[in-house]
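Here is a short report on one protein chain. Please look over the sequence and the fold before reading on.

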Amino acid sequence: MIEVKEYGLKVFGHNENPPEGAIWVGSPSLFMNPFNQVGEGPIHIEQETEAEVRAFKLYANLNKIIPEHAKEELRGKHLVCGCLNEPCHAVVLMELANDPN
């Protein structure tokens, strides 16, 4: 589990018990990291690399659709991903979703 204290929210691994209302952001989903080379589907237990997370952050900031959907669908929500800890693109999504700007 990754706690993002700035927002009072958490990113749960697929094998943890997330609270009701937590949203899956792994593969397959609109919010999956297309740069993740380690696994497919909701059961992969591999870890994203820092380079994959940086690539996702750049991609998300260049693609206006992802921040817009993140704000609409993920703001104030706990997230669930296949990663077991950081680095994880779900933290990038949480930052985009909860950015006050």
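The report below covers a predicted model, from its core to its first long helix and the loop before that helix.

## The nonpolar core

The largest nonpolar core holds 23 residues. Val11, Val25, Leu74, Leu79 and Leu93 touch the most other members. Six elements each give two or more residues to this core. The strands among them are S1 (2-4), S2 (9-13) and S4 (79-81). The helices are H1 (50-62), H2 (65-74) and H3 (89-98). H3 gives the most, with seven residues.

Leucine 93 shows how the core is joined. Leaving aside neighbours within four places in sequence, Leu93 is in contact with Val25, Phe31, Phe56, Ile66, Ala70, Leu74 and Leu79. Three of the residues with the most core contacts, Leu74, Leu79 and Val25, are on that list.

## Isoleucine 66 in H2

Isoleucine 66 is found in helix H2. Its relative accessibility is 7%, so Ile66 counts as buried; the cut-off for buried is under 20%. Not counting residues up to four places away in sequence, Ile66 touches Phe31, Tyr59, Ala60, Leu93 and Leu96.

Proline 34 is 32 residues from Ile66 along the chain. The C-alpha atoms of these two residues are separated by 12 Å.

## Helix H1: two sides

H1 has 13 residues. From its first C-alpha to its last, H1 reaches 18 Å. That is close to the 18 Å expected at 1.5 Å a residue.

Which residues of H1 are buried? They are Glu52, Val53, Phe56 and Ala60. These residues cover an arc of only 95° around the axis, so they lie on the same side of H1. The buried residues of H1 pack against H2 and H3. On the other side of H1, Glu50, Arg54, Leu58 and Leu62 are exposed.

Alanine 51 also lies in H1. At 43% relative accessibility, Ala51 counts as partly exposed. Ala51 and aspartate 99 are 48 residues apart in sequence. In space they are 23 Å apart, C-alpha to C-alpha.

## The loop between S3 and H1

The loop between strand S3 (23-24) and H1 contains proline 28. A cis peptide bond joins serine 27 to Pro28. Its omega is about -5°.

Asparagine 33 lies in the loop between S3 and H1. Is Asn33 buried or exposed? Asn33 has 4% relative accessibility, so this polar side chain's residue counts as buried. The side chains of Asn33 and glutamate 48 are joined by a polar contact of 3.0 Å. Leaving aside neighbours within four places in sequence, Asn33 is in contact with Glu48, Glu52, Val53, Phe56 and His89. Glu52, Val53 and Phe56 are among the buried residues of H1.

## Aromatic pairs

The structure holds two aromatic pairs. Phenylalanine 35 and tyrosine 59 have ring centres 5.5 Å apart. Their planes stand at 80°, so the pair is edge-to-face; the cut-off is over 60 degrees. Phe35 lies in the loop between S3 and H1, and Tyr59 lies in helix H1. The pair therefore ties together parts that are 24 residues apart in sequence. Phe35 counts as partly exposed, at 31% relative accessibility. Tyr59 counts as partly exposed too, at 33%.

Phenylalanine 56 and Tyr59 have ring centres 6.3 Å apart. Their planes meet at 50°, so the pair is tilted. Phe56 and Tyr59 are three residues apart in helix H1, so about one helical turn separates them. Phe56 counts as buried, at 0% relative accessibility. Phe35, Phe56 and Tyr59 form one aromatic cluster.

## How the parts connect

Phe56 links several of these descriptions. Phe56 is in contact with Leu93. Phe56 is also in contact with Asn33. Phe56 belongs to the aromatic cluster with Phe35 and Tyr59.

Ile66 has a place in the picture as well. Ile66 touches Tyr59, a residue of that cluster. Ile66 also touches Leu93, one of the residues with the most contacts to other core members.

Technical notes: Residues numbered from 1 in each chain as written. Predicted model: local features only at pLDDT ≥ 70, side-chain atom pairs only at ≥ 80, totals over all residues. Heavy atoms only, no water. Core = buried A, V, L, I, M, F, W, Y, C linked by side-chain atoms within 4.5 Å. Buried < 20%, exposed > 50% of the residue type's maximum accessible area, 1.4 Å probe, protein only. Helix = DSSP H or I, 4+ residues; strand = E, 2+ residues; numbered from the N terminus. Contact = heavy atoms within 4.5 Å. Polar contact = N/O pair within 3.5 Å; in protein donor to acceptor, adjacent residues only side chain to side chain. Phe/Tyr/Trp six-rings, centres within 6.5 Å; stacked < 30°, edge-to-face > 60°. Expected span 1.5 Å × (residues − 1). Arc of directions from axis to C-beta.
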